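Colleague: Please take a close look at one helix of this model and at what surrounds it. I would like a connected account rather than a list.

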Amino acid sequence: MMTIRGMCATAGLAALLSACLGTPETRFYTLLRPSVEPDPARAAPASAYAIEVLPVSVPAQVDMPQFVLRQGDGELALVESRQWAAPLAQELRLGLSEHLARELGVREVYRLGTGTGMPVRRIKVDVTRFDSVLGRHARLDAGWNVRDDARGVSVTCSTQLQERVGESYEDLVLGHQRALARLAGEIALAVRALDGNGALDCPRLPVPGNPGDGSPPQPASAR
């Protein structure tokens with residue numbers, strides 16, 4: 001029977017062997033942007049509605065904790081040392097929720113309800129492509145729907161976005177963050193359009209010059 005001292009020695013040897021073999025440390029990343037302190041001078045007026053961002057669906061090929069990199073025409077590679085802090089579908093839903101609530105100045109009430117009878121605009125997103133190519137691009141294709149059940153109106157659209165990225169994993173995460181922000185921006189335009197009386201067209205944001213936007217994202221702690 002192994003003694004406690006023997007177990008400690010074995011554990012120490014395993015740690016030393018791992019260090020000698022150069023096993024990379026696993027790092028965790030998030031699609032949530034860094035928190036921004038609210039500006040009281042720009043506080044949004046009370047809204048007449050709330051939003052509910054429903055669960056996001058993602059392709060089975062990328063529905064896993066590890067980063068999945070596209071290599072060549074059909075090869076996919078899993079990067080064990082780089083993982084999402086939460087399941088990718090949850091990261092996408094939380095990122096969209098955060099962007100939309102901030103941009104529209106409304107409450108996001110998924111699983112909560114408003115408790116006041118306030119109208120709710122429901123948003124459903126189906127991600128059909130989530131490509132990651134180091135040194136080239138982060139791509140996000142999605143079909144999405146915004147509906148106002150109280151008035152029986154809705155709009156269904158699709159969006160294809162591609163952001164240039166650098167060679168690092170941090171650059172790749174920033175690219176996906178930018179693409180998610182642009183998707184949220186187009187959805188926000190559609191949510192606002194529900195207030196109008198005309199035909200609901202699928203909105204399109206102007207294509208930016210795709211500059212970088214600050215320092216690389218910090219890895220999140222494991223959850």
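**Helix H3 and its surroundings**

Modeller: Helix H3 covers residues 169-193, and at 1.5 Å a residue its 25 residues should span 36 Å; the C-alpha atoms at its ends are 37 Å apart, which agrees. The model is a predicted one, and what follows is computed from it.

H3 is mostly covered, with 19 of its 25 residues buried. Ala184 is one residue of this helix. Its relative accessibility is 0%, and because buried means under 20%, Ala184 counts as buried. Leaving out residues up to four places away in sequence, Ala184 touches Leu96, His99 and Leu100. Glu103 is 81 residues from Ala184 in sequence, yet the two C-alpha atoms are 8.7 Å apart in space. As a general point, an α-helix has 3.6 residues a turn, so residues three or four places apart point the same way.

The helix also has a part in the largest nonpolar core. That core holds 44 residues, of which Val125, Leu183 and Ile187 touch the most other members. Several elements each supply at least two residues of the core: strands S2 (50-53), S3, S4 (75-84), S5, S6 (137-148) and S7 (153-164), together with helix H2 (88-104) and H3. H3 gives the most, with 10 residues.

Val125 shows how these parts meet. Neighbours within four places in sequence aside, Val125 is in contact with Leu183 and Ile187. On the same count, Val125 also contacts Pro55, Val56, Ser57, Leu96, Ala142, Gly143 and Trp144. Leu96 thus appears in two lists, as a contact of Val125 and as a residue touched by Ala184.

The remaining topic is enclosed space. The count comes to 1 cavity of 30 Å³ or more, and the largest cavity has a volume of about 50 Å³. Its lining is made up of Val62, Gln66, Phe67, Val68, Trp84, Leu88, Phe130 and Ser132. The elements that give two or more residues to this lining are strand S3 (66-71) and strand S5 (120-133). S3 provides the largest share, 3 residues. By class, the lining of the largest cavity has 6 nonpolar residues, 2 polar ones and no charged ones.

To return to the helix: H3 has 19 of its 25 residues buried and gives the most residues to the largest nonpolar core.

Methods. Residues numbered from 1 in each chain as written. Predicted model: local features only at pLDDT ≥ 70, side-chain atom pairs only at ≥ 80, totals over all residues. Heavy atoms only, no water. Helix = DSSP H or I, 4+ residues; strand = E, 2+ residues; numbered from the N terminus. Expected span 1.5 Å × (residues − 1). Buried < 20%, exposed > 50% of the residue type's maximum accessible area, 1.4 Å probe, protein only. 1 Å grid on protein atoms, 1.4 Å probe; cavity = no way out; pocket = protein on both sides within 12 Å on 5 of 7 lines; lining within 4 Å. Points joined across faces, edges and corners; volume = space filled by probe spheres on them. Nonpolar A, V, L, I, M, F, W, Y, C, P; charged D, E, K, R; others polar. Core = buried A, V, L, I, M, F, W, Y, C linked by side-chain atoms within 4.5 Å. Contact = heavy atoms within 4.5 Å.
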